[in-house]
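Here are my notes on this one, for someone meeting it fresh. Have a look at the picture, then read on.

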Amino acid sequence: MSKKILITGGAGFIGSHVVRLFVNQYPDYTIINLDALTYAGNLENLKDVESKSNYRFVKADILKTEELERVFAEYAITDIIHLAAESHVDRSIVSPLDFVYTNIIGTVNLLNIARKQWALDYSKHLFYHISTDEVFGSLGETGFFTETTAYDPRSPYSASKASSDHFVRAYHETYRLQTIVSNCSNNYGPNHFPEKLVPLFIHNIIEKKPLPVYGDGLYTRDWLYVKDHARAIDQIFHKGQPGGTYNIGGFNEWRNIDLVKLLCKLMDEKLGRQSGESEELITYVKDRPGHDRRYAIDATKIKQELGWEPSVTFEEGLSETIDWYLTNKEWLQHVTSGAYQHYYQSMYVNR
Ligand code: NAD
Ligand code: TYD
């Protein structure tokens, strides 16, 4: 069957890479990118696919039931890959309700439409929900998150994602909707909005602005190149077990300060600056409240069951990422003008 896949949040960071992969890899599918174009949504991310005959864009809000119903009626959607979300922990600390609306209520809205529209035969359709490893909480020095680790969210962001994951599982158990959830570690790569660590620091190094490291800088994250996440989503969508969950990660843990120093070194080389110049921009600032100490994914199941593993090393991915930002200065200029300046002032000045 020729699928008509609704990808929500397709104008965002990860969503745009997933849309590109599906549009290029599956010419027989129709890919409908539904996005509300919030501050994080940017159609410039998809310039290279916008004229492809199997691609459609719809500006719509997952909180508006009638807009979703219209899209289902027009395109006879067969499957959903759901990425639309509020995604930044620091924003969730300032405005938790925005995260409740989009991440929880928006997801339940989508589940309700799918349940209604696909009721004739649930076995022909898949609702694939993209989630995060942050739902599992914070690790100590050792151990990994597996698919059976108990949920223990500690930020408004992760609490909202955990809640949406629970609703997805509940719709599978209660209504037999075919669902899959995947929980991925921190992504980095091209088209990442400069509010998250990697793109914010690349931007600040270019501009020779302070690099605000939270707390003692010894917090640890497990980094995965965004294109490898998109490849994992492709594998899971086509071969994953309905009702199941998959953890996605790169077995690639870095303490923030070590990552920042590597970034500084690579950028000094690429920008022709003196060795050590960018490191001088490192500034320790007030910590994030409730800051999770360590995330680390055990990605054994997806490797054994689906044969997926990362295709690039961290150094390769980071180098490609920096090159992308250096050759796409206009993209960076567009997203850092206007509202971004207010955001930066309120989050970082006098922190
Ligand atoms: P992002 O913030 O870059 O993009 C989110 C997209 O959703 C934007 O295009 C935005 O316009 C859209 N959106 C927001 N609210 C909407 C609404 N009400 N209706 C329709 N569209 C709306 O996020 P991202 O980093 O690409 O993350 C995508 C998904 O992956 C999220 O669900 C996130 O929780 C998950 N995730 C992210 C990471 C990461 O490291 N970034 C890791 C694991 C999982
Ligand atoms: P972030 O990119 O916001 O991802 P998440 O909080 O979802 O893991 O942050 C990654 C790590 O970097 C996290 O430990 C917080 C830290 N951080 C800073 O030290 N300074 C910053 O300006 C930002 C945005 C993050």
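1. A term to start with: the bend at a residue is the angle between axes fitted to the seven residues ending there and the seven starting there. By that reckoning α4 has a kink of about 25°, centred on I105. Helices (H or I, at least four residues) and strands (E, at least two) are DSSP runs, numbered from the N terminus.

2. Some housekeeping. This is a predicted model, where local features need pLDDT of at least 70, side-chain atom pairs count only at pLDDT 80 or more, and totals for chains, interfaces and linings use all residues. Residues are numbered from 1 along each chain as its sequence is written, chains are lettered from A and ligands numbered from 1 in the order in which they are written, and side-chain values use heavy atoms, leaving out hydrogens and water.

3. How far apart are the end C-alpha atoms of α4 (residues 96–117)? They are 31 Å apart, which agrees with the 32 Å that its 22 residues should span at 1.5 Å a residue (the expected span is 1.5 Å times one less than the number of residues).

4. On to ligand 1: Y157 offers a side-chain N or O atom 2.7 Å from one of the ligand's oxygen atoms. The protein covers 96% of the 850 Å² of accessible area that ligand 1 has on its own (Shrake-Rupley method, 1.4 Å probe). Backbone atoms join in too: an N or O of A36 lies 3.1 Å from a ligand nitrogen, and a polar one of I62 is 3.0 Å from a nitrogen of ligand 1.

5. Which element gives the most to the shell around ligand 1? That's β5, with three residues.

How values were computed
Polar contact = N/O pair within 3.5 Å; in protein donor to acceptor, adjacent residues only side chain to side chain.
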